[in-house]
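Q: Could we go through this model together, starting with the cysteines and then moving on to the rings?

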Amino acid sequence: MGTPLDSGIKGYNNYGTHLKEKYKGQRVFKVIVDGGFTCPNRDGSKGYGGCTYCNVDSFTPELSRKLPTIREQLEQGMERGKGFYKADKFIVYFQPNTNTYAPVHYLKMMYDEALSINSEDVVGFSVGTRPDCIDAEKVALLESYADRFDVDLEMGMESIYDDTLNQINRGCSHAEFVAAVKLLDNSKLDLCVHTIFGFPWETEDMMLEYIHEINKFPKIKFVKFHHLHIVEGSIMGAKYKKEPFKLFTLEEYTDLLCKLIPLLRPDVVIQRLFGISDWDLLIAPNWGLNKSSIQTYIDREIEKRGIVQGSAYVPVPEVAAAV
């Protein structure tokens, strides 16, 4: 007999299972759209060069990078989803850069176009942004789609420490993240938050504290956990080449996940346990495995160690509204 994992049962609240249950067994595939946005710490509004770890191409599929129009990106992305992944339905996902960094009328025009393409096959709408690029008017725009699609706002927390945010040229503070989350109180939108573990100056205890912070916000429904990886074309990549610094091995990162998953509120859905870039852009760490092999290794270790999400969760007071 196989293990629970062999039957698709994992020790954490995983996104694949969530989608299957929500959409009654239909296969749902995210189609990434590059809307040609930039960021306030790239265009000079707050700074130049972007976050030091970032090269947008490292997390944008080649298909999106090469296709100039939203229609072409979505039509070909959906075709690939149906052919290769046997997808039944789709989530339209504005991912690269900051996808609310424009006037509301321009955002509406772009979102409307994207959601009009094969709309009968679209069940979800996901928009990636920064805490300092969301306001009540933009929240209202996104909410206007919630009667037709499941809409989630994806926002980078990255770290809870302002010293780290300053060192990586993030261009916004953790207080701005808190204010943005509170802006979504009583909103129809779901919130997905992503973090980066492994900045070399942060200790394990500091990283585990991220989870206690996430637990404070009932509005956070999804999380994406990334390990710090160094990519070509980033400021951090240039520094790493000159003077390499400590990064997680796969074993070390799995150990951290096995410590933080039990602390995480059990209702939070984990969309991703790690991040990975294209091989041609990855500088380090190179774990020598493809994405599915890394996922299998981590899931097997979680099962082997008897890790259960929320088993060590301790409720904490909700954060008070930002003034």
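Q: Is C39 buried or exposed?
A: C39 is buried, at a relative accessible area of 10%, where buried means under 20%, exposed over 50% and partly exposed in between, with a 1.4 Å probe and protein chains only. Bear in mind that this is a predicted model, in which local features need pLDDT of at least 70 and side-chain atom pairs count only at pLDDT 80 or more, while totals for chains, interfaces and linings use all residues. Residues are numbered from 1 along each chain as its sequence is written, and side-chain values use heavy atoms, with hydrogens and water left out.

Q: How many disulfides does the structure hold?
A: The structure holds zero disulfides, a disulfide being a pair of cysteine sulfur atoms within 2.5 Å. For C39, the nearest cysteine sulfur is that of C54, 6.7 Å away.

Q: And why is C51 not bonded to C54?
A: Because the sulfur of C51 is 6.1 Å from that of C54, its closest cysteine sulfur, which is too far for a bond. C51 is itself buried, with a relative accessible area of 6%.

Q: Changing topic, how many aromatic pairs are there?
A: The count comes to 18 aromatic pairs, taking rings of Phe, Tyr and Trp (its six-membered ring) whose centres lie within 6.5 Å, with planes under 30 degrees apart called stacked, over 60 edge-to-face and the rest tilted. One of them is the tilted pair of Y161 and Y210, at 6.2 Å centre to centre and 50° between the planes.

Q: What does that pair tie together?
A: Y161 lies in the loop between β4 and α6 and Y210 in helix α8, so the pair links parts that are 49 residues apart in sequence; helices (H or I, at least four residues) and strands (E, at least two) are DSSP runs numbered from the N terminus. Y161 is partly exposed at 22% relative accessible area, whereas Y210 is buried at 0%.

Q: Which residues of α7 are buried?
A: In helix α7, residues 174-183, the buried ones are H174, F177, V178, A180, V181 and K182. The elements that cover them include β4, α6, β5 and α8.

Q: Last one: what does the side chain of N14 reach?
A: The N14 side chain reaches the backbone nitrogen of G16 at 3.4 Å and that of T17 at 3.0 Å. N14 lies in the segment before α1 and is buried, with a relative accessible area of 10%. Leaving aside neighbours within four places in sequence, N14 is in contact (heavy atoms within 4.5 Å) with V269 and I270.

Notes. A polar contact is a pair of N or O atoms within 3.5 Å; within protein, one must be able to donate a hydrogen and the other to accept it, and residues adjacent in sequence count only if both atoms are side-chain atoms.
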